[in-house]
Amino acid sequence: MTQFPSDFLWGAATAAHQIEGNNVNSDWWEREHAPGTDVAQPSGDAADSFHRFPEDIALLSERGFNVYRFSIEWARIEPEPGFISKAMLQHYRRMIEGCLAAGLKPMVTLHHFTTPRWFAHRGGWRAADAPELFIRYVETVLPILRDVEWICDINEPNMVAMTRGEEGTEMAAAALPSPDALITERLIESHHRAREVLSTLPALSGWSIAGQAFHAAPGGEEEMRAYRYPREDVFLEASRGDGFIGVQAYLRTFIGKDGPLPVPEGTETTLTGWEYFPQALEICSRHAWDLTRGVPQFVTENGIATADDERRKDYTFGALSGLGRAMADGIDVRGYLHWSLLDNYEWGSFDPTFGLVGFNPDTFERQPKPSIDWLAQIARTGNLAR
Ligand code: BGC
């Protein structure tokens with residue numbers, strides 16, 4: 001039986017563009033509506049969480065969870081360069097206060113994949129002054145973060161470096177594009193500068209890294225390490241000295257002599273086409289612990305895209321069992337956030353459903369699935385039971 005510590009934090013995560021709806025000033029919205037776009041479905045109203053965030057907070061607080069991770073949308077705060085929307089700052093402040101009033105610790109992400117259109121037009125993360133502009137935004141939101149305990153400055157910089165590269169588009173593919181070295185450098189600089197700025201707050205700050213549980217196929221050891229380094233390890237190394245590292249894990253990938261191998265025929269896969277592999281979380285937690293040399297961890301995302309809610313419980317049970325083993329070996333993990341609170345816009349499609357809660361696409365009415373009550377019971381007792 002796995003028993004989590006009584007001060008372990010439990011909750012679920014979301015990201016602004018994936019649930020808020022009508023994020024019209026963001027680069028993603030523009031891409032979704034560009035003539036001949038490669039994006040299958042636009043985000044549209046998403047789950048209308050921009051208006052319904054109080055209900056979303058209540059879904060967690062009423063069940064006894066104690067953390068909600070959400071992101072602030074830069075494109076709303078600064079829709080034009082240097083133009084700051086005070087109303088949008090107040091909107092996100094209300095979200096923070098809504099969490100605190102409901103007994104939830106907000107974990108606030110400052111950048112979750114999307115940027116303002118104008119930032120993208122001037123070269124995005126490749127522009128020489130991209131870190132400067134990001135820091136200006138971080139300084140702008142600083143006052144509303146005054147009583148936030150957990151801040152994630154950038155979500156999955158490793159995915160940003162891969163999916164914003166020349167060839168990059170595919171968010172969901174297991175075989176990852178080559179990371180863009182310049183973007184990697186700019187993101188690491190941005191993170192280190194943001195850490196300085198955020199150190200003026202009482203919060204613990206860090207960033208979240210997409211882990212993939214890379215396995216070497218026979219004879220592929222060296223290739224696996226060479227493949228993993230620029231896609232993951234360089235970002236984990238850059239996390240040394242952070243207040244925490246956000247561990248995010250979903251799947252594993254085998255690397256052979258010629259690169260990543262497809263998921264073998266007959267293997268169970270999820271709605272994103274990834275191998276069903278709950279052990280990924282334990283593997284990524286251990287790897288992050290080694291590479292960061294012991295930075296405290298928070299599982300900032302873990303979950304499964306499935307239409308079978310029983311399978312969601314199985315997956316989560318498997319992932320949490322592995323996390324318990326890693327913690328029993330001394331890895332300092334402070335909390336677990338399930339991805340995701342809601343079914344949402346999975347970067348091009350609403351079909352891969354990751355949510356503990358569904359929603360009616362016409363009325364936006366929230367439809368909790370049995371898995372949210374199952375996870376809440378674990379959260380309240382700390383006892384991992386089926
Ligand atoms: C991202 C989320 C995404 C999830 C599932 C992570 O890469 O942070 O935005 O929805 O994985 O693909």
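The legends below describe an overall view and several close-up views of a predicted model.

**Figure 1. Overall view of the protein chain, with 13 helices and 15 strands.** The radius of gyration is 19 Å, close to the 21 Å that the globule rule gives for 386 residues, so the chain is as compact as a globular protein of that length. The C-alpha trace spans about 55 × 45 × 40 Å along its principal axes. Of the 386 residues, 61% are buried. Among contacts with a separation of 6 or more, 79% are between residues 24 or more positions apart. The chain exposes about 14,500 Å², and carbon and sulfur atoms supply 52% of this area. It carries 35 positive and 55 negative charges, whose mean positions are 3 Å apart.

**Figure 2. Close-up of the aromatic pair W207 and F235.** The count of aromatic pairs in the model comes to 27. In this one, the ring centres are 6.0 Å apart and the planes are at 55 degrees, so the pair is tilted, falling between the limits of 30 degrees for stacked and 60 degrees for edge-to-face. W207 belongs to strand β6 (residues 204–211) and F235 to helix α10 (residues 221–237), so the pair links parts of the chain that are distant, 28 residues apart. Both W207 and F235 are buried.

**Figure 3. Close-up of the aromatic pair F214 and Y227.** The centres of the two rings are 5.7 Å apart and their planes are at 75 degrees, so the pair is edge-to-face. F214 is in strand β7 (residues 214–216), whereas Y227 is in helix α10; the two residues are 13 residues apart, and the pair links distant parts of the chain. F214 has 7% relative accessibility and counts as buried. Y227, at 9% relative accessibility, also counts as buried.

**Figure 4. Close-up of an aromatic cluster and of S190.** The cluster is formed by W74, W118, F119, W125, F134 and Y137. S190 is located in helix α9 (residues 181–198). Its relative accessibility is 0%, so S190 counts as buried. Leaving aside residues up to four places away in sequence, S190 touches W125, P131, F134, I135 and I154. Two of these, W125 and F134, are also members of the aromatic cluster.

**Figure 5. Close-up of F244 in the loop between α10 and β8 (245–249).** F244 is buried, with a relative accessible area of 0%. When residues up to four places away in sequence are not counted, F244 touches M107, W150, I151, C152, L204, S205, G206, W207, V295, P296, F298 and T300. W207, one of these contacts, is the residue that pairs with F235 in Figure 2. The C-alpha atoms of F244 and G294 are separated by 9.4 Å, although the two residues are 50 residues apart along the chain.

**Figure 6. Close-up of A75 in helix α4 (residues 74–77).** The relative accessible area of A75 is 1%, and the residue is buried. A75 touches N23, N25, S26, T115 and P116, again not counting residues up to four places away in sequence. From A75 to W118 the C-alpha to C-alpha distance is 8.9 Å, while the two residues are 43 residues apart in sequence. W118 is one of the residues of the aromatic cluster shown in Figure 4.

Key: Residues are numbered from 1 along each chain as its sequence is written. This is a predicted model: local features need pLDDT of at least 70, side-chain atom pairs count only at pLDDT 80 or more; totals for chains, interfaces and linings use all residues. Side-chain values use heavy atoms; hydrogens and water are left out. Helices (H or I, at least four residues) and strands (E, at least two) are DSSP runs, numbered from the N terminus. The radius of gyration is taken over C-alpha atoms; the globule rule is 2.2 Å times the number of residues to the power 0.38. Buried means under 20% relative accessible area, exposed over 50%, partly exposed in between (1.4 Å probe, protein chains only). Contact means heavy atoms within 4.5 Å. Accessible areas come from the Shrake-Rupley method with a 1.4 Å probe; for residues, only the protein chains shown count as cover. Lys and Arg count as positive and Asp and Glu as negative; His and the chain ends are not counted. The place of a charge is taken as NZ of Lys, CZ of Arg, CG of Asp or CD of Glu. Rings of Phe, Tyr and Trp (its six-membered ring) pair if their centres lie within 6.5 Å; planes under 30 degrees apart count as stacked, over 60 as edge-to-face and the rest as tilted.
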